[in-house]
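Got your viewer open? Load the model, switch to a cartoon view, and let's take a walk through it together.

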Amino acid sequence: MTRGFLARAKSHAAKEFMYHLPSERIACQPLGRRDSSKLLVAAISDEQDTVSITHRRFSDIARLIPDNALLVLNDSKVIQARLPAAKATGGKAEILLLRPSGGRPPSIALQENASSSRNIWTCMVGGKKLRSGSVLKLGPDRDIDVEIVERVGGSVFDVRVGHWNEQKFGRTFGEVVQTLGSTPLPPYIRRKPLDSEKSTYQTVYAKHEGSVAAPTAGLHLSPDVLEQLVQKGVETTTVTLHIGAGTFAPISGGHVGQHTMHAERIEVETKSVKKIVQARKCGRPIVAVGTTAVRTLESLYWCGLRILRGLPSSELIASQWEPYMVMDNHSEALPDDTDALEALIDLYPEAIGGETQLLIVPGYNFRTFDLLVTNFHQPESTLLMLVSAFLGDREKLWTVYNNALANDYRFLSYGDSSLLGPSKLLDEQSAS
């Protein structure tokens with residue numbers, strides 16, 4: 001008996017996505033120019049079931065993307081989430097802000113003032129013998145109290161930030177973070193962040209504060225490249241997915257079915273969704289810049305489908321397994337992407353907000369975009385599975401990754417980039 005979508009999705013083993021990544025291939029520093037990175041172009045031929053690879057520079061990308069394309073960018077901005085702290089005994093501690101507690105949008109939580117009782121964040125806290133009621137101190141003079149409210153699990157706690165001197169640190173909690181915090185570099189970059197990384201570990205179009213990791217595919221887009229795209233007639237639009245520290249977590253338990261996908265906040269202006277719908281109706285290619293743009297676009301589809309199915313929609317949530325369950329329970333074709341997105345537009349005329357836990361693994365059917373710009377990802381990661389799903393199978397994934405390793409590509413957040421998609425959209429462009 002043929003297994004359904006859900007059973008196949010849960011059956012993937014982490015070891016199937018293991019590869020050897022030498023430590024010297026992990027990029028630990030940004031390049032001097034954003035757009036000087038290498039760009040691997042992988043054109044997928046469905047007819048021949050092959051992938052054709054060429055090598056370019058990212059500064060060439062405007063020549064490779066079709067003239068009438070729409071680029072979708074994640075404009076979330078990295079906050080200075082790593083806060084040095086001290087225990088009452090004088091011992092050192094460190095607080096890494098993960099997300100506002102209670103599912104509140106970062107845009108609201110970062111605007112809380114010193115007298116607010118709602119300055120409660122879920123954080124990773126480094127330090128021994130911490131428990132509910134423990135108090136840590138922030139600031140060079142240790143004049144901001146941070147109380148441990150409760151343990152969420154492991155080294156993750158909910159903490160309450162106490163009153164601060166607004167003349168000294170700023171009116172809002174966001175200003176406190178900007179003043180006292182430092183850049184939350186990925187865990188595999190084992191050094192202290194540089195002050196310059198407040199800009200280099202940030203896209204040039206970052207706007208909405210809330211991420212604790214950068215949407216790294218967009219780090220390569222320089223003002224020059226964006227201007228070249230505009231001159232070519234390529235449009236851009238933005239979505240916001242606030243990236244959590246869970247993006248670095250390996251697949252737990254050995255199998256996808258044992259892995260709990262982290263939840264991340266998405267916020268999208270309805271006018272952006274309208275641009276996407278218009279492009280799809282006109283047959284224009286959609287280019288997702290980064291896996292976070294992919295997960296946002298696909299999450300919007302599933303949230304729109306819930307509305308079409310008459311399910312509750314007061315808070316939009318794209319859950320980890322729902323897409324696979326829906327595909328198992330619908331023998332007929334599901335509504336196309338424009339129908340689902342228009343359902344969102346009708347219900348939310350200004351902006352769309354919610355959370356996504358969407359987990360994309362091989363066997364997933366993409367619905368909302370055509371080309372993908374993405375970096376090279378960690379072994380045994382959900383991001384690597386997403387890329388494998390888009391390429392079509394693991395054989396094509398290893399063709400791309402082995403080629404990148406053989407050609408001295410730099411990997412992970414500060415690493416080089418790739419442009420992936422069907423040959424019918426890339427071959428003609430690559431030849432020009």
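Here is a tour of a predicted model, stop by stop.

**Stop 1: the barrel**

Start by selecting the strands β5, β6, β7, β8, β9 and β10. Six strands close into a barrel here, and if you go round it you meet them in the order β5-β6-β7-β10-β9-β8, with antiparallel pairing. On average, neighbouring strands of this sheet are turned by 45° against each other, ignoring direction. As a bit of background, strands of a sheet pair through backbone hydrogen bonds, and they can do so in a parallel or an antiparallel way.

Now zoom in on one seam. Select residues 120-126 for β7 and residues 156-161 for β10: the two run antiparallel, and five bridges join them. Which residue of β10 is the bridge partner of M124? Click on V156 and you have found that partner.

Next, add residues 173-180, which make up helix α5. This helix lies across β5 (82-87), β6 (92-100), β7, β8 (135-138), β9 (144-153) and β10. Compare its direction with that of β5, and you'll see α5 running at about 85° to that strand.

**Stop 2: a helix with two sides**

Jump to residues 223-232, helix α7, and show the side chains. Are V225, L226 and L229 buried or exposed? They are buried. They sit on the same side of α7, because they cover an arc of only 100° around the axis. A general rule helps here: an α-helix has 3.6 residues a turn, so residues three or four places apart point the same way.

Spin the helix round to its other side and you get P223, V230 and Q231, which are exposed. To see what covers the buried residues, select 61-64 and 70-74: α2 and β3 are among the elements doing the covering. Before you leave, click on G233, which follows α7 and has a positive phi, near 100°.

**Stop 3: the nonpolar cores**

Time to look inside. The largest nonpolar core has 86 residues, and Y201, W302, L344, Y401 and F411 touch the most other members. Which helix gives this core its largest share? Select residues 291-308: that is helix α9, with nine residues in the core. A second core is separate and has 32 residues, including L97, A109, V156 and F169. You've already clicked on V156, the partner of M124 at the barrel seam.

Go back to W302 and show what surrounds it. Leaving out residues up to four places away in sequence, W302 touches P323, V326, M327, L334, L358, Y364 and R367.

**Stop 4: rings against rings**

A search of the whole structure finds 18 aromatic pairs. Try Y324 and Y364, an edge-to-face pair with 6.0 Å centre to centre and 65° between the planes. Y324 is in helix α10 (residues 322-329), while Y364 is in the loop between β16 (351-356) and β17 (371-375), so the pair ties together parts that are 40 residues apart in sequence. Both of these tyrosines are buried.

Now select Y401 and F411. They are edge-to-face as well, at 5.8 Å centre to centre with 75° between the planes. Y401 belongs to helix α13 (residues 394-406) and F411 to the loop between α13 and β18 (417-422), so this pair ties together parts that are 10 residues apart in sequence. Y401 counts as buried because its relative accessibility is 2%, and F411 counts as buried because its value is 0%. Widen the selection to Y19, F376, W398 and Y409: ring pairs link these with Y401 and F411 into a cluster.

**Stop 5: two unusual loop residues**

Stay in the loop between α13 and β18, where you'll find D408 and L412. Most residues other than glycine have a negative phi. What is phi in D408? It is positive, near 60°. L412 has a positive phi too, near 75°. Their surroundings differ: D408 counts as exposed because its relative accessibility is 52%, while L412 counts as buried because its value is 4%.

**Last stop: near the start of the chain**

Finish with L6, in helix α1 (residues 5-11). Leaving out residues up to four places away in sequence, L6 touches W321, Y324, M325 and D328. You met Y324 earlier, in the ring pair with Y364. For one last distance, pick the C-alpha atoms of L6 and S211: they are 205 residues apart along the chain and separated by 30 Å.

How values were computed. Residues are numbered from 1 along each chain as its sequence is written. This is a predicted model: local features need pLDDT of at least 70, side-chain atom pairs count only at pLDDT 80 or more; totals for chains, interfaces and linings use all residues. Side-chain values use heavy atoms; hydrogens and water are left out. Two strands pair if DSSP finds at least two bridges between them. Helices (H or I, at least four residues) and strands (E, at least two) are DSSP runs, numbered from the N terminus. Axes are lines fitted to C-alpha atoms, for helices over the stretch in contact, and angles run from 0 to 180 degrees between N-to-C directions. Contact means heavy atoms within 4.5 Å. Buried means under 20% relative accessible area, exposed over 50%, partly exposed in between (1.4 Å probe, protein chains only). The arc is that of the directions from the helix axis to the C-beta atoms. A nonpolar core is a set of buried Ala, Val, Leu, Ile, Met, Phe, Trp, Tyr and Cys residues joined through side-chain atoms within 4.5 Å. Rings of Phe, Tyr and Trp (its six-membered ring) pair if their centres lie within 6.5 Å; planes under 30 degrees apart count as stacked, over 60 as edge-to-face and the rest as tilted.
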